[in-house]
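Q: Please give me a close look at one part of this model, starting from a single residue at its surface and working inward and outward from there. I'd like to know where it sits, which residues surround it, and how that region fits into the whole chain.

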Amino acid sequence: MRASSSGTRSLVIRCANGGTAARTVSVTLNGVASNVTFPVTGSWNDYQQMTLSTPLNSGTTNSVRIQSAGQDGPNIDEIGTR
C-alpha cells in the first residue's frame, strides 16, 4: 500500500465468518503484529467490514500480512485504506 502522507489511517478488511465462533488471526502492519478477532457474520457469504486504526508511512510501500494465529481465520475478500 502507498500513502500520500504519513499518519494514522483506517485499514478496512472485508470478511465473512460463517462459523459458530469468532476467529482470531495475526495482522502484521509494517512489521508490527497484533491479533485481531473477527466476529461471526452469519454465513460464509455475508461479508462485513472490520476497521483497524494503523500508522502508514508516506511515499513508501506499506506491508500488510494476515496469517493464522493457530486456528482457521475468516474469508477475507478485500483490504483497503481510508
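A: Val64 has its place in strand S5, which covers residues 64-68. Strands here are DSSP runs of E with at least two residues, helices are runs of H or I with at least four, and both are numbered from the N terminus. Please keep in mind that this is a predicted model, in which local features need pLDDT of at least 70 and side-chain atom pairs count only at pLDDT 80 or more, while totals for chains, interfaces and linings use all residues. Residues are numbered from 1 along each chain as its sequence is written, and side-chain values use heavy atoms, with hydrogens and water left out.

With a relative accessible area of 31%, Val64 counts as partly exposed. That label covers the range between buried (under 20%) and exposed (over 50%), using a 1.4 Å probe and protein chains only. Val64 joins Ile76 and Ile79 in a nonpolar surface patch, and the three together have about 190 Å² of accessible area. Areas come from the Shrake-Rupley method with a 1.4 Å probe, and for residues only the protein chains shown count as cover. A patch takes residues with over 30% relative accessible area and no salt bridge, joining nonpolar side chains (Val, Leu, Ile, Met, Phe, Trp, Tyr) within 5 Å and like charges within 9 Å.

Let's move along the strand to Gln67, which is also found in S5. Gln67 is partly exposed, at 33% relative accessible area. The side chains of Gln67 and Arg65 are joined by a polar contact of 2.5 Å. Such a contact is a pair of N or O atoms within 3.5 Å; within protein, one must be able to donate a hydrogen and the other to accept it, and residues adjacent in sequence count only if both atoms are side-chain atoms. Gln67 also reaches across the fold: setting aside residues up to four places away in sequence, Gln67 touches Val25 and Ser26, where contact means heavy atoms within 4.5 Å. The C-alpha atoms of Gln67 and Val25 are separated by 5.8 Å, although the two residues are 42 apart along the chain.

Val25 leads us inward, since it is one of the 10 residues of the largest nonpolar core, together with Leu11, Ile13, Cys15, Val27, Leu29, Val36, Phe38, Met50 and Leu52. At least two residues of this core come from each of strands S1 (7-16), S2 (23-29), S3 (32-38) and S4 (48-56). A core of this kind is a set of buried Ala, Val, Leu, Ile, Met, Phe, Trp, Tyr and Cys residues joined through side-chain atoms within 4.5 Å.

Which residues does Ile13 contact, leaving aside its neighbours within four places in sequence? They are Phe38, Gln48, Gln49, Met50, Leu52, Ile66, Ile76, Glu78 and Ile79. Ile13 thus brings us back to Ile76 and Ile79, which share the surface patch with Val64.

Beside Ile76 in sequence comes Asp77, which forms a salt bridge with Arg14, the closest N and O atoms being 2.1 Å apart. This pair links distant parts of the chain, 63 residues apart, with Asp77 in strand S6 (residues 75-81) and Arg14 in strand S1. Side chains of opposite charge can pair when their charged atoms come close. The rule asks for a side-chain nitrogen of Lys or Arg within 4 Å of a carboxyl oxygen of Asp or Glu, and the count comes to 1 salt bridge. Both partners are partly exposed: Asp77 at 43% relative accessible area and Arg14 at 27%.

Over in strand S2 is Thr24, whose side chain makes a polar contact of 2.8 Å with that of Thr37. Beyond its neighbours within four places, Thr24 is in contact with Asn35, Val36, Thr37, Ala69 and Gln71.

Two loops round off the tour. Asn30, in the loop between S2 and S3, has a positive phi near 50 degrees and is not a glycine. Thr41 lies in the loop between S3 and S4 and is buried, at 7% relative accessible area. A polar atom of the Thr41 side chain lies 2.9 Å from the backbone oxygen of Asp46.

Stepping back, the chain has 0 helices and 6 strands. Of its 82 residues, 29% count as buried. Among contacts between residues at least 6 apart in sequence, 77% join residues at least 24 apart.
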